[in-house]
Structure formats: C-alpha cells, structure tokens
Amino acid sequence: MRAIRVVIADDSRVARDVLRAILTRDGDIEIVGEASNGFEAVELARRLSPQLITMDLNMPDMDGMSAIEEIMHTKGVPILVVSDRADAQTAYQALEVGALEVMPKPMLEGDDAEWLLARVRLLSGVAVITRLRRRYTTPSPAARPVATTVNQTATRGFQRIIAIACSTGGPQALARLLNRLPATFPAPIVIAQHISHGFIEGMAQWLATLCAMPVSVGRHGERLLPGRVYLSPSESDLCVTSQHRFQLQESPANALYHPCGDILLNSVANVYGSDAIGLILTGMGRDGVSGMRSIQLAGGQTLAQDEASSVIYGMNQEAVNAGVIQHILALEDLPDRLLREVRCNAPLGQTPL
C-alpha cells in the first residue's frame with residue numbers, strides 16, 4: 001500500500017516536528033513537504049499534489065485562512081486545520097472556505113495524537129472539489145428571536161423537537177441546514193456533534209453568525225425553548241429530562257464518541273416519544289444507530305442525510321442499513337422537510353451556503 005502524501009503547514013518548527021513524528025510513526029504516511037507560511041503552503045499544494053494538508057491558522061505573510069481559500073480556489077486538496085484551541089471560532093470559519101475538519105495541536109502521545117492519525121487517514125481519501133471564492137452574509141441581529149412559545153403546548157412551550165447526531169463533515173452540513181431555517185422555527189434543535197475538547201464554544205459562535213436562531217452550548221438545568229439551537233459539550237453527554245431541561249452526565253472513561261449521539265437521541269425518544277424527530281448526518285462510526293432506533297420505536301420520525309451530499313457516508317449509512325431510517329434526503333432538501341415536520345409555514349431562510 002502506498003503511503004499517504006501529506007504537507008504540514010505551520011510557522012512553528014517545534015509544532016512541525018511534533019506533527020511529523022506523530023504522522024510518520026507507523027510508516028503509512030509520508031511527509032512530502034513542510035511550509036512555514038501560507039504562501040509556501042499554496043506553492044507546495046500546487047507543486048506536490050499532496051493527498052492532505054495539515055494547516056495552522058496563525059502564520060506570517062499569508063495566514064492559514066487565506067491559504068486554504070487560495071488552495072481550494074486553484075486545486076482542491078483535503079485540508080485538516082490543526083490549530084490552537086484559542087482559535088476555535090476562526091478555525092470553524094475555515095470550514096466555510098473549504099477545510100474539512102478542525103482539531104487542536106497534539107502532544108506526541110495521547111488521545112489527540114491518535115485522533116490526528118485517524119483523521120489524516122480518513123480525510124485523505126475524501127474527494128474535494130475546487131471552489132469559487134464566496135462571500136457570506138451574517139443575519140441581522142434584529143432577525144434573531146426573543147424567547148417565544150410558538151405552537152405552545154400546556155407543559156413545554158413546543159410540540160416537536162429535532163435531535164441531530166453527526167461527526168466528520170457535520171459542521172459544514174449543520175451550517176447549510178441551519179442557515180435555511182427561519183427565526184420563527186417552532187421547535188428546539190439539540191445536536192451531538194463529535195468534536196475535539198475545547199472547540200465547542202467556537203463552533204457555537206461560528207454557527208450563530210450563519211443562523212437566524214440563537215445557537216449555544218447546552219447547560220445543565222437549562223430549559224429548552226423553541227426557536228433555539230443547542231450543542232452538546234464534548235466533555236459531557238447531553239440529555240433531556242421530563243422537565244424539559246438539560247442534564248449533563250459524565251462520559252464513560254472508555255467512550256468512543258465525544259459527545260455521544262446515542263445518549264442524546266435516546267433521551268429525546270424517552271421524553272418526547274412520537275413528537276421526536278431524529279436526524280443523522282455525515283460522519284464516521286456507528287454512533288446514533290441505537291438512538292434513531294429508539295425514536296423510531298417511540299413513533300417519532302427518523303431522517304438521514306443521503307450518501308451523495310455526505311462528506312463521509314458512515315453513521316448515516318449504518319443507521320440506514322440497520323433499518324431505523326424512514327426517509328433519506330439530500331442535505332439541500334432537509335430544511336424544507338423539517339419545516340413541514342414541525343408545521344412551520346415560514347419561508348426558508350438565506351441562500352444556501
């Protein structure tokens with residue numbers, strides 16, 4: 001088997017040394033070039049045709065964001081952002097211009113090092129396309145809703161609830177989905193997105209700039225409200241309770257997924273039964289299959305993103321193969337489907353990303 005050809009872009013020699021040591025330890029990855037700034041990264045991408053680039057964001061002369069946009073504008077290459085946790089919000093903005101995933105800079109040993117190896121092996125095989133540079137508009141603050149109780153029930157302030165599980169490619173899919181939903185969406189949306197520790201707040205802030213609804217990280221004891229989007233933190237697993245509040249529980253020591261989609265989806269099924277709408281998006285692994293089965297057995301609706309619009313057809317494929325998905329839809333068709341499921345007559349939101 002031929003080694004995976006990788007370019008490392010980081011202005012820190014120490015960081016490049018660490019990345020090189022991790023990536024070459026098993027012999028299946030070859031470092032074909034190293035860049036200390038964005039200009040060098042663009043040139044190496046053009047000249048060496050790597051299968052993947054690891055990209056730092058804070059670099060001199062040309063930063064990582066500009067380099068990603070230039071690379072994706074000239075010849076698409078899978079790009080993994082490897083940057084400091086302090087850059088979390090900026091890192092997720094990099095997904096808008098073509099990066100596939102973000103993660104923190106790893107130490108030589110530990111979970112982050114293993115995660116880096118797994119991500120490089122996985123993402124190097126993802127087909128990416130050359131993109132046109134695009135400008136994105138931010139929703140007007142005036143469009144963001146005050147907490148309201150649209151389509152109220154006597155006890156909880158909403159009728160339906162949307163529960164989403166996703167992993168690799170999930171942030172991009174969520175951005176395109178949530179961007180189309182109106183501020184008057186009459187249901188809460190709860191999300192378990194597999195993510196590196198320390199990046200969830202940045203992801204919430206990034207999605208909030210693209211979405212007409214408020215986006216936040218769910219807090220223990222917080223009451224669910226319609227027209228709001230809640231993300232599970234990575235350090236704990238998010239559940240809903242019969243009091244329509246969030247409960248955070250400690251993840252098992254041997255947990256494969258952070259956070260766990262099954263735990264969130266199962267709790268939604270147990271509390272809301274036939275009023276639950278489960279959606280499983282792009283991602284690697286089997287997380288979400290059990291939770292989607294619970295929603296199906298409770299009489300709720302189960303949806304999955306189709307293969308053609310997925311970065312990785314993994315979690316959603318597993319759920320489809322398990323027979324727990326009622327409807328398979330392209331990403332571009334999901335916003336309209338969700339509006340119909342919650343009986344919302346408001347028009348779709350902004351232009352698709």
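Start by selecting residues 170–178 and residues 200–208: these are helix H6 and helix H7, packed at an angle of about 30° with their axes 10 Å apart. Keep in mind as you look around that this is a predicted model.

**Stop 1: H6 and H7**

Two packed helices are described by the angle between their axes and the distance between the axes. Are H6 and H7 roughly parallel or roughly perpendicular to each other? Angles under 35 degrees count as roughly parallel, so that is the label for H6 and H7. Turn the view until one helix lies in front of the other, and you're looking at a right-handed crossing of H6 past H7.

Now show the side chains. On the H6 side, pick Pro171, Leu174, Ala175 and Leu178; their partners in H7 are Met203, Trp206 and Leu207. Try colouring them by class: this contact has 7 nonpolar residues, no polar ones and no charged ones.

**Stop 2: H1 and H5**

Next, select residues 13–23 for helix H1 and residues 111–123 for helix H5. Their axes are 10 Å apart, and the helices pack at an angle of about 70°. Angles from 65 to 115 degrees count as roughly perpendicular, so H1 and H5 get that description. The crossing of H1 and H5 is right-handed.

Which residues of H1 meet H5? Click on Leu19, Ile22 and Leu23, and you'll find them against Ala113, Leu116, Leu117 and Val120 of H5. Sort the residues of this contact by class and you get 7 nonpolar, no polar and no charged.

**Stop 3: Ala330**

Time to leave the helix pairs and zoom in on one residue. Ala330 sits in the loop between strand S14 (327–329) and helix H11 (334–341). Is Ala330 buried or exposed? Its relative accessibility is 19%, and buried means under 20%, so Ala330 counts as buried.

Show what is around it. Leaving out residues up to four places away in sequence, Ala330 touches Asp306 and Ser309. Then pick Ala304, which is 26 residues from Ala330 along the chain; their C-alpha atoms are separated by 8.5 Å.

**Last stop: the whole chain**

Zoom out and switch to a cartoon view. You should be able to trace 11 helices and 14 strands. The radius of gyration is 20 Å, close to the 20 Å that the globule rule gives for 353 residues, so the chain is as compact as a globular protein of that length. Along the principal axes, the C-alpha atoms fill a box of roughly 60 × 40 × 35 Å.

Colour by accessibility, and buried residues make up 56% of the 353 residues. Among contacts with a separation of 6 or more, 72% come from residues 24 or more positions apart.

Terms used:
Residues are numbered from 1 along each chain as its sequence is written. This is a predicted model: local features need pLDDT of at least 70, side-chain atom pairs count only at pLDDT 80 or more; totals for chains, interfaces and linings use all residues. Side-chain values use heavy atoms; hydrogens and water are left out. Axes are lines fitted to C-alpha atoms, for helices over the stretch in contact, and angles run from 0 to 180 degrees between N-to-C directions. Helices (H or I, at least four residues) and strands (E, at least two) are DSSP runs, numbered from the N terminus. Angles under 35 degrees count as roughly parallel, over 145 as roughly antiparallel, 65 to 115 as roughly perpendicular and the rest as oblique. A crossing is left-handed if the near helix is turned anticlockwise from the far one by less than a right angle, and right-handed if clockwise. Contact means heavy atoms within 4.5 Å. Ala, Val, Leu, Ile, Met, Phe, Trp, Tyr, Cys and Pro count as nonpolar, Asp, Glu, Lys and Arg as charged, and the others, Gly among them, as polar. Buried means under 20% relative accessible area, exposed over 50%, partly exposed in between (1.4 Å probe, protein chains only). The radius of gyration is taken over C-alpha atoms; the globule rule is 2.2 Å times the number of residues to the power 0.38.
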